[in-house]
Structure formats: structure tokens, C-alpha cells
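Student: I should like to take a close look at one part of this structure and to see what surrounds it. Could you then set it beside another region of the chain, step by step?

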Amino acid sequence: MSVETAPANPFAQDVAQPLPDPTSLVIFGAGGDLAARKLLPAVYNLSVAGLLPDQVRVLGVARRHDVHSFRKVAREAIEAHSRTGFDEDAWKAIEPRLEIVQGDFSNPELFEKLVERLDRDDARLGPTQRVFYLAVAPRFFGQIAKGLAAVGLGAGADPPTRLMIEKPFGHDLESALKLNAEVASAFDESQVFRLDHYLGKETVQNLQVLRFANGILEPIWNRRYVEHVQITVAEDLGIGHRAAYYDSAGAIRDVIQNHVMQLLALVAMEAPVRFDADTIRDEKVKLLRAVRRYRPEDIPDYVVRGQYGAGWIGGEEVPAYVDEEGVADDSRTDTYVAMRVEVDNWRWAGAPFYVRTGKRLPRRVTEIAVRFRPAPHLPFAGSEIGDVEPNEMVLSVQPDEGVSLRLVAKVPGQTMSVRPVQLEFKYGTSFLGDSPEAYERLLHDALRGDATLFTRADEVEAEWRIVEPILEAWESGPGPSVYEAGSQGPPEADELLAVRGRSWRQL
């Protein structure tokens with residue numbers, strides 16, 4: 001008697017991944033928190049997955065480490081933060097590739113020492129492309145870019161070089177323009193890879209596939225069928241030990257100007273004619289330029305800012321923002337921002353986008369909810385079906401990556417009763433595997449020279465031009481409204497939607 005074998009899940013099949021060219025990855029700030037939590041574990045996981053070339057070297061740049069202490073710190077970081085766990089054999093394969101160059105970013109001798117080390121290693125082991133990752137404070141970005149260019153590692157370098165920069169890209173429009181000019185004086189734009197780690201998340205990448213590979217969606221993805229869109233980036237945590245940065249940035253600079261604007265652009269942009277970096281980024285820039293800039297007198301009607309007070313999260317009492325370590329008692333920093341965004345183009349005019357972000361909210365969630373217009377007529381005469389909720393598509397970015405679609409269905413029985421039901425797709429169950437961390441995908445793309453998931457200079461500037469009038473109005477306007485930690489946010493945010501009979505999705 002033969003036993004039937006269940007067919008393999010075609011969605012679980014591995015897809016061949018192209019390998020980068022031989023690479024020297026240079027991490028400025030190799031002894032810092034970002035390198036420990038994200039970059040070194042990403043390098044390790046890419047190595048475990050077989051996605052790094054045989055000839056790859058990781059050269060840390062730090063003031064205090066020698067090679068032994070750097071490798072010790074790297075091992076501890078990987079043990080603590082690797083998505084795939086820790087394997088001794090895998091570590092032994094990557095450990096000899098970790099090296100260090102000691103020096104101070106402000107000292108030109110560091111860059112001379114660095115280029116000598118790179119040239120010496122290439123002469124001994126073979127030529128490599130050079131990728132420089134700036135895991136340092138933003139004030140060093142321009143200085144390091146110029147230092148690299150001064151020793152021939154910038155524009156026109158041979159072997160080729162790339163520069164990877166973490167957000168924030170400036171503190172306001174003026175500083176962003178200045179930073180872009182400094183970087184442009186040292187590197188060509190094609191060499192610059194500006195990271196927004198949200199673009200490395202699987203669901204965010206899937207937005208383009210969902211929209212442009214499914215023909216049933218394009219005809220209804222516009223103002224005629226979409227009533228409004230909500231974009232939420234919520235956190236249940238406070239600021240932790242980030243007061244020095246956060247109190248000068250706030251939610252609008254930390255999340256709205258970058259993460260949220262990128263999500264908005266991907267949801268609302270027109271279809272690119274080709275799936276390449278510049279074509280996609282051209283469409284995003286066009287969309288960002290179509291976002292309405294509000295006059296100062298209009299901003300209170302379109303934007304709400306809040307600051308968390310004391311409250312309870314997960315059964316634990318938490319302090320108010322002004323009581324956090326390092327925060328001034330009279331701080332006016334926003335920890336919550338909600339906005340009604342209008343896109344003035346043919347596709348979206350009249351269909352608003354409501355965006356919000358905040359700390360100390362009930363739960364951690366990032367999602368995009370597309371609310372469609374209700375059915376124009378319900379032909380169930382004489383039946384008591386009750387309220388029929390409009391269709392809604394929700395793209396969950398985190399913590400549970402997937403897509404759901406709300407439909408209305410009849411409840412089994414003798415009467416015409418209906419209720420909403422969900423059609424769901426989840427990455428974990430459909431593909432039977434963990435999605436790579438955002439930093440793994442972004443690092444791998446940068447090593448291959450694929451800039452699709454990185455922001456271009458004109459994108460950054462367009463994002464700042466959207467939020468700049470708001471920042472200017474807040475300088476002289478009233479301070480943020482205080483909302484209780486663990487609540488849905490300040491009540492004023494509800495009024496942004498209530499005037500049109502809408503409401504936020506519950507967190």
C-alpha cells in the first residue's frame with residue numbers, strides 16, 4: 001500500500017540570492033550600540049545564510065578597541081542579538097574576518113591609516129569593493145565623507161566605494177540641505193546609500209508587489225474607491241536612555257519625517273515603468289511633492305501633537321515623559337503626532353491619509369489600513385442585517401507581518417444576518433520561515449549596489465519640506481497635549497477624523 005506524500009509548499013522554496021562582489025565592509029563606530037545590536041548580527045546572519053562572498057572582510061573603526069577586544073564584543077553581540085541564534089562553527093568562520101583600525105574621526109591620519117590598511121589587505125588577499133557604514137552620530141557624517149574623499153576613497157575611487165548613512169538626515173530642512181551638499185562634495189549620489197530601516201521590512205517591500213503585481217487592486221486604488229487611509233506607527237515603550245537625542249527631535253523628526261513619509265509614498269505613488277532604484281525613487285519624489293503644505297494658521301486643524309503623562313502599560317506603572325531621566329521639567333517635546341495628510345493629485349485628491357505615531361501607547365504596532373468606500377446600495381429589502389462595515393485592507397508591518405482583507409458575509413441560519421470576516425495572509429505561515437531582519441536585507445542590497453530600498457537626496461529634502469512648516473508653527477504655538485500612558489493618545493487626535501464621522505483603528 002503506497003503512502004501519499006503531502007506536496008511541498010511552493011511558497012516555502014528557497015529563492016536563489018545573488019552574491020555581492022568581494023567586499024571590505026568598514027564600520028565607523030564599530031564599538032557602538034548600533035553595531036552591536038544590528039550590524040554585527042546582520043553580518044553573521046548573512047554569513048550563515050551563505051549570502052556573503054568568500055572574500056569579505058569587516059574592518060571596524062573605533063577609538064578604544066584592539067582586534068581581540070573587538071572580536072570579543074562582536075561575539076557577545078551576536079550571541080545576544082542574532083536572529084538565527086549562535087553557532088560555534090559559524091562564528092569560527094566569520095571571526096578571522098573581523099579586524100580593527102584604531103583612530104579618531106577628526107584626525108586626518110586615521111584616513112591615511114585606513115587606506116593603507118585596505119590597500120595592503122587587497123594586495124595580499126585580492127581586490128575588494130569598499131563599503132563604508134557610518135554608525136556614528138550625525139554630526140560626523142560630513143566630516144567622515146570628506147576625510148574618505150581626501151585619501152581617494154570618495155567619488156571616482158578605484159576599486160569602487162559606497163557610503164552608507166543612518167538616519168537622521170538632518171535636524172531640519174536647512175541642515176539636511178547642508179548635509180547633502182557636504183556628502184555630494186565627496187561622493188557621487190549613486191555611491192550614497194541612506195538607510196531608513198523601515199524600507200527593509202518584508203511587508204513594506206511587499207507593498208509594491210501587492211499593488212503592482214495584482215491586477216484586481218489597481219482599478220480601485222484611488223479616490224473613487226478608497227475613502228481614506230490610516231498609517232500607524234505605535235510603540236508601548238518610552239524613550240529609555242535616548243533622552244539626549246529624543247528631547248531635541250521628538251516624534252515628528254524621529255518617525256513622521258522619515259518612516260511615515262516613506263510608507264505614505266509607497267502606498268500612494270504611481271506605478272514605476274521599471275523596477276529599478278531611480279525609477280522607483282522618481283515616483284516617490286513625485287508623490288511627496290504632491291503632499292499639501294499647510295499654512296501656519298491651518299496647522300491646528302490638521303496636526304495634533306501630544307506628550308505622554310504618567311500611566312500604566314502592561315500592568316506596570318510608568319512615569320510621565322517629563323519625569324524620564326535627562327528630560328527637562330518644562331520640555332515641549334512631542335512624543336505623539338497625528339496628521340491629516342492631503343495628496344493633491346488626480347489619484348488621491350479628496351481621499352485623506354491619516355498618520356499617527358506615538359510612544360507609551362497600548363501596544364507596539366505598525367500598520368497601513370486602507371478603508372474603502374461603502375457599498376452604494378444594499379439590496380436586502382425587508383431584512384434586518386444591521387450595520388454593514390466597509391471593506392478594509394490592513395497591511396501589518398510589525399509585529400505580525402502580513403495582509404488582511406475585511407469582507408462582509410452571511411451568518412449561517414434562517415435569517416439574513418451578516419458580519420465581517422477576515423481573509424488573511426501571514427508571512428510566517430505562508431512561507432514557513434523567518435523573514436530576514438531589515439538590516440540584513442539593506443546591508444546585502446548595499447553590498448550588491450542595489451539602491452532601491454534607500455532614500456535619495458531629493459527624497460529627504462521633499463520629506464523635510466512637508467514637516468518644516470509644522471516645526472516652525474510649533475516654535476511659537478502652544479505646547480503638546482498631555483495624554484495618559486497606555487491610552488489611545490490625546491483626545492484632540494480623535495477630532496481630526498470625527499469631523500467626517502471617522503475614527504482611528506483601536507490600538
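**A loop residue and an open sheet**

Tutor: In this predicted model, Val343 is in contact with Leu287, Ala290, Val291, Trp348, Ala349 and Phe353, once its neighbours within four places in sequence are left aside. Val343 itself is found in a loop, the one between strand 10 (336-341) and strand 11 (353-358). Is this residue buried or exposed? Its relative accessible area is 0%, and because buried means under 20%, Val343 counts as buried. For a sense of distance along and across the chain, consider Gln488: 145 residues separate it from Val343 along the chain, and the C-alpha atoms of the two are separated by 26 Å.

Let us now turn to another region, the open sheet. Six strands form this sheet, in the order 3-2-1-4-5-6, and their pairing is parallel. Strand 3 (98-102) and strand 6 (192-195) are the edge strands, each of which pairs on one side only. From one strand to the next, the twist averages 20°.

Within the sheet, one pair of strands can be followed in detail. Strand 4 (residues 129-134) and strand 5 (residues 161-166) run parallel and are joined by five bridges. For Leu134, the bridge partner in strand 5 is Ile165. A helix also belongs in this picture: helix 5 (residues 141-150) lies across strand 1 (23-28), strand 4 and strand 5. Relative to strand 5, helix 5 runs at about 170°.

Technical notes
Residues numbered from 1 in each chain as written. Predicted model: local features only at pLDDT ≥ 70, side-chain atom pairs only at ≥ 80, totals over all residues. Heavy atoms only, no water. Pairing = 2+ DSSP bridges. Helix = DSSP H or I, 4+ residues; strand = E, 2+ residues; numbered from the N terminus. Axes fitted to C-alpha atoms, helices over the stretch in contact; angles between N-to-C directions. Contact = heavy atoms within 4.5 Å. Buried < 20%, exposed > 50% of the residue type's maximum accessible area, 1.4 Å probe, protein only.
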